[in-house]
Amino acid sequence: MKKIIFTLGIAIVSVFALAQCPAGQTEVTIDVGTDGWGYEVYWELTPTGNACGSGATIFSGGNAAVGCTANSVSPGGGYANGITISEGPWCLTDGATYDILSRDGYGDGGTDFVVNIATFPLYNFSAGSANETFSFSVNPPPALDGAM
């Protein structure tokens, strides 16, 4: 009886741990790591080729006052300093390519982005300037066969 309850408990936790994406889409999250000046960053997630601030923006994060033009701003607003924030999940189309449009108000970058596809950290990007674009494709890793 204990084995049945344990197995049922694991199954319930597994269902709630994953996004319920429709067929042809996969769960994607992005971990955003800030440097000592987290308020300087602004970023957007868009389908590849779209401009910052376009109507096709899927998500925007950080300090909106920095915006697409990488305005220099005073401390306050946006992300805290020296932390990692997990953004998402989003259900994105398998095989499609997306861009992270990174903007830094001071111009030195310092923000890291880890793109997790189906919970696997498959892409790592580090901003090093005021205006950068990082592209990734939603290609989930193959299913694991754990049978013995």
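Two residues are in contact when heavy atoms of one lie within 4.5 Å of heavy atoms of the other. This definition will be needed when the tour reaches I30. The model on display is a predicted one.

**The whole chain**

Begin with the entire protein chain in a cartoon view. The chain contains one helix and eight strands. Followed from the N terminus, the elements run α-β-β-β-β-β-β-β-β. The chain has 148 residues, of which 34% count as buried. If a surface is displayed, about 8,100 Å² of the chain is exposed, and carbon and sulfur atoms supply 60% of that area. Among contacts between residues at least 6 apart in sequence, 67% join residues at least 24 apart.

**The nonpolar core**

In soluble globular proteins, nonpolar side chains tend to be buried together. Select I30, W43, I100 and F136 and show their side chains. These are the residues with the most contacts inside the largest nonpolar core, which has 20 residues. Strands β1, β2, β4, β5 (97–104), β6 (112–117) and β8 (131–137) each supply at least two residues of this core.

Keep I30 selected. Which residues does I30 touch, not counting residues up to four places away in sequence? The partners of I30 are W43, L45, I85, S86, E87, W90, I100, F113, V114 and V115.

**One partner of I30: E87**

Move next to E87, a residue of strand β4. Is E87 buried or exposed? The relative accessibility of E87 is 14%, and buried means under 20%, so E87 counts as buried. Leaving aside neighbours within four places in sequence, E87 is in contact with T29, I30, V32, W43, F59 and Y79. Draw a line between the C-alpha atoms of E87 and F59: the two residues are 28 residues apart in sequence and 9.0 Å apart in space.

Remain in this strand and select G88 and P89. The peptide bond that joins G88 and P89 is cis, with omega about 10°. P89 lies in strand β4.

**The disulfides**

Now show all cysteine side chains. How many disulfides does the count come to? The count comes to two. With bonded cysteines counted along the chain, the disulfides follow the pattern 1-4, 2-3.

Select C21 and C91 for one of these bonds. The disulfide joins C21 to C91, with an S to S distance of 2.2 Å. This pair links distant parts of the chain, 70 residues apart: C21 is in the loop between α1 (2–17) and β1 (25–33), and C91 is in strand β4 (residues 84–93). The torsion about the S-S bond of C21 and C91 is about -85°, so this disulfide is left-handed. C21 is partly exposed, with a relative accessible area of 22%. C91 is also partly exposed, with a value of 31%.

Select C52 and C68 for the other bond. The sulfur atoms of C52 and C68 are 2.1 Å apart and form a disulfide. C52 lies in the loop between β2 (41–47) and β3 (59–62), and C68 lies in the loop between β3 and β4, so the pair ties together parts that are 16 residues apart in sequence. The torsion about the S-S bond of C52 and C68 is about -80°, so this disulfide is left-handed. C52 counts as buried at 18% relative accessibility, whereas C68 counts as partly exposed at 27%.

**Loops and backbone angles**

Select A70, in the loop between β3 and β4. A70 is not a glycine, although its phi is positive, at about 55°. A70 counts as buried, at 15% relative accessibility.

Then select T119, in the loop between β6 and β7. T119 is another residue other than glycine with a positive phi, near 75°. With a relative accessible area of 48%, T119 is partly exposed.

The next stop is G36, in the loop between β1 and β2. G36 is partly exposed, with a relative accessible area of 36%. Add G110 to the selection: G36 and G110 are 74 residues apart in sequence, and their C-alpha atoms are 8.4 Å apart in space.

**A nonpolar patch on the surface**

Finally, return to the surface view and select F120, L122 and L144. These residues form a nonpolar patch on the surface, with about 320 Å² of accessible area together. L122 is found in strand β7 (residues 120–126). This leucine, L122, is partly exposed, with a relative accessible area of 39%.

Methods:
Residues numbered from 1 in each chain as written. Predicted model: local features only at pLDDT ≥ 70, side-chain atom pairs only at ≥ 80, totals over all residues. Heavy atoms only, no water. Disulfide = S-S within 2.5 Å. Helix = DSSP H or I, 4+ residues; strand = E, 2+ residues; numbered from the N terminus. Buried < 20%, exposed > 50% of the residue type's maximum accessible area, 1.4 Å probe, protein only. Patch = residues over 30% accessible without salt bridge, like charges linked within 9 Å, V, L, I, M, F, W, Y side chains within 5 Å. Areas by Shrake-Rupley, 256 points an atom, 1.4 Å probe, with all protein chains shown as cover. Salt bridge = Lys/Arg side-chain N within 4 Å of Asp/Glu carboxyl O. Core = buried A, V, L, I, M, F, W, Y, C linked by side-chain atoms within 4.5 Å.
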